[in-house]
Amino acid sequence: MSTKRHLSIVAVAAAAALLMTGCSAGGAGASGSKGDELKGLTGQIGSKDFSEQYILAYITTDLLNAHGAKLEANTKLVGSQNVRQALENKQFVGYWEYTGTAWITYQGNTAPITDPQQQFDAVKKADAAKGIAWLDPAPLNNTYAFAIRASEGKKLGVKTLSDVAKLKTSDKTFCIESEFSTRDDGWPGLKKAYNLDVPDSNVKMLDTGIIYTATQKGQDCNFGEVFATDGRIKALDLTVMKDDKKFFPVYQGAFSMQDSILKKYPEIADILAKVSSKLTTEKMQELNAKVDVDGDEPADVAKKFLQDEGLI
């Protein structure tokens with residue numbers, strides 16, 4: 001899931017070609033089943049290339065189509081930069097973005113704003129000048145975190161990263177990914193913020209997906225770098241350490257879209273508000289687990305969620 005923080009290595013020109021071939025229709029019922037406020041709205045809802053984004057794209061497509069739109073979900077682009085570029089080029093109606101990513105990666109800031117509302121307001125204001133609107137955010141925060149298997153967490157008596165810093169050196173073992181090891185909002189900054197005295201021999205570099213299982217097994221490390229909304233946290237019975245010094249940036253999810261389309265169809269904001277308020281960190285963990293753990297299709301997970309909530 002770390003793809004959302006990665007700069008794409010795929011050429012934007014190639015990505016644009018995928019826009020023409022990578023579409024799939026939303027899975028909701030007949031158009032207008034909940035109203036016709038959005039009649040005439042066509043185009044694509046974009047997505048980055050990981051499960052959470054697929055689910056959010058299908059949720060958005062199905063919900064808007066239920067109100068009269070005729071949209072398609074495009075889940076084929078690779079890399080945050082390509083998806084953002086597609087929005088700026090007006091090839092997407094919109095897609096779900098994260099405040100920390102927009103603030104740091106697209107808007108060129110180096111220091112995150114720790115207060116979620118202030119961070120959102122700053123991102124929204126900066127993007128307004130580019131013709132990009134941000135709708136009210138969901139509660140979910142897909143930020144970096146460190147987790148430990150629940151049994152070992154109880155044994156060591158740790159609940160916060162400050163607790164972790166106080167452990168004896170032999171217990172302070174970590175699994176992290178290569179990108180995190182060099183980021184200012186990653187390992188170097190974390191060690192400084194929490195005064196983590198950890199020798200290099202206590203840190204193992206692993207691929208993102210492997211970190212979850214390695215943390216659960218506890219052989220390579222006690223503490224693994226995870227993403228807060230990942231469904232494997234609950235499935236593997238991991239406990240997330242509280243970032244009590246609020247070091248990590250806020251990666252709050254919100255739908256970003258062409259401002260010109262929002263002005264033409266202002267009802268979009270109210271319609272998506274019905275679903276965004278339900279998308280907590282815990283709910284996204286649950287939905288993501290259905291894909292990453294149970295093997296369900298993102299489109300099916302999205303449709304069932306909307307049906308269970310009575311939104312389609």
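These are my notebook entries on what I looked up in this structure, which is a predicted model.

**Entry 1: the overall picture**

I began with the whole chain. The protein has 14 helices and 11 strands. Of its 312 residues, 54% count as buried. I also looked at how far along the sequence the contacts reach. Among contacts between residues at least 6 apart in sequence, 80% join residues at least 24 apart.

**Entry 2: the sheet**

Next I turned to the strands. I found an open sheet of 5 strands, in the order β8-β7-β9-β6-β10, with mixed pairing. Which strands sit at the edges? They are β8 and β10 (238-240), and each of them pairs on one side only. On average, neighbouring strands of this sheet are turned by 35° against each other, direction ignored.

I then followed one pairing in detail. Strand β6 (residues 144-149) runs antiparallel to β10, and 3 bridges join the two. Ala147 has Val240 as its bridge partner in β10. Helix α9 packs on the sheet, where it touches β6, β7 (174-176), β9 and β10. The direction of α9 makes about 135° with that of β9. A reminder to myself: strands of a sheet pair through backbone hydrogen bonds, either parallel or antiparallel.

**Entry 3: the nonpolar cores**

I looked up the nonpolar cores after that. The largest one has 84 residues, and those with the most contacts inside it are Phe146, Phe223, Ile268 and Leu279. Helix α2 (residues 51-65) gives the most to this core, with 7 residues. Another core lies apart from it, with 5 residues, among them Cys175, Ile211, Ala214 and Cys221. As background, nonpolar side chains tend to be buried together in soluble globular proteins.

I picked two residues of the largest core for a closer look. Phe223 lies in strand β9. Is Phe223 buried or exposed? Phe223 counts as buried because its relative accessibility is 0%. I also noted that the C-alpha atoms of Phe223 and Ile176 are separated by 8.8 Å, although the two residues are 47 apart along the chain.

Leu279 was my second pick. Leaving aside residues up to four places away in sequence, Leu279 touches Leu56, Ile59, Trp96, Ala138, Pro139, Leu140, Met284, Leu287 and Phe305.

**Entry 4: Thr281**

I moved on along the chain to Thr281, which belongs to helix α13 (residues 281-292). Thr281 has a relative accessibility of 16%, so it counts as buried, the cut-off being under 20%. What does Thr281 touch, not counting residues up to four places away in sequence? I found Pro139, Leu140, Asn141, Ala228 and Thr229. With Asn141 there is a polar approach as well: a polar atom of the Thr281 side chain lies 3.0 Å from the backbone nitrogen of Asn141. Pro139 and Leu140 were already on my list for Leu279.

**Entry 5: salt bridges**

My last search was for charged pairs. Side chains of opposite charge can pair when their charged atoms come close. The whole structure holds 10 salt bridges, and I opened three of them.

The first was Arg84 with Asp127, whose side chains meet at 2.7 Å, N to O. This pair links distant parts of the chain, with Arg84 in helix α3 (residues 80-88) and Asp127 in helix α5 (residues 116-128), 43 residues apart. Are these partners buried or exposed? Arg84 is buried, with a relative accessible area of 2%, and Asp127 is buried too, at 0%.

The second was Lys204 with Asp220, where the closest N and O atoms are 3.3 Å apart. Lys204 lies in strand β8 (residues 203-205) and Asp220 in the loop between α9 (208-217) and β9 (223-227), so this pair ties together parts that are 16 residues apart in sequence. Lys204 counts as partly exposed at 37% relative accessibility, and Asp220 is partly exposed at 36%.

The third was Asp308 with Lys304, with 2.8 Å between the closest N and O atoms. Both residues lie in helix α14 (residues 298-308), 4 residues apart, which is about one turn of the helix. Asp308 counts as exposed because its relative accessibility is 55%.

One more note on shared partners: salt bridges join Arg84, Glu88 and Asp127 into one network.

Terms used. Residues numbered from 1 in each chain as written. Predicted model: local features only at pLDDT ≥ 70, side-chain atom pairs only at ≥ 80, totals over all residues. Heavy atoms only, no water. Buried < 20%, exposed > 50% of the residue type's maximum accessible area, 1.4 Å probe, protein only. Polar contact = N/O pair within 3.5 Å; in protein donor to acceptor, adjacent residues only side chain to side chain. Contact = heavy atoms within 4.5 Å. Salt bridge = Lys/Arg side-chain N within 4 Å of Asp/Glu carboxyl O. Core = buried A, V, L, I, M, F, W, Y, C linked by side-chain atoms within 4.5 Å. Pairing = 2+ DSSP bridges. Axes fitted to C-alpha atoms, helices over the stretch in contact; angles between N-to-C directions.
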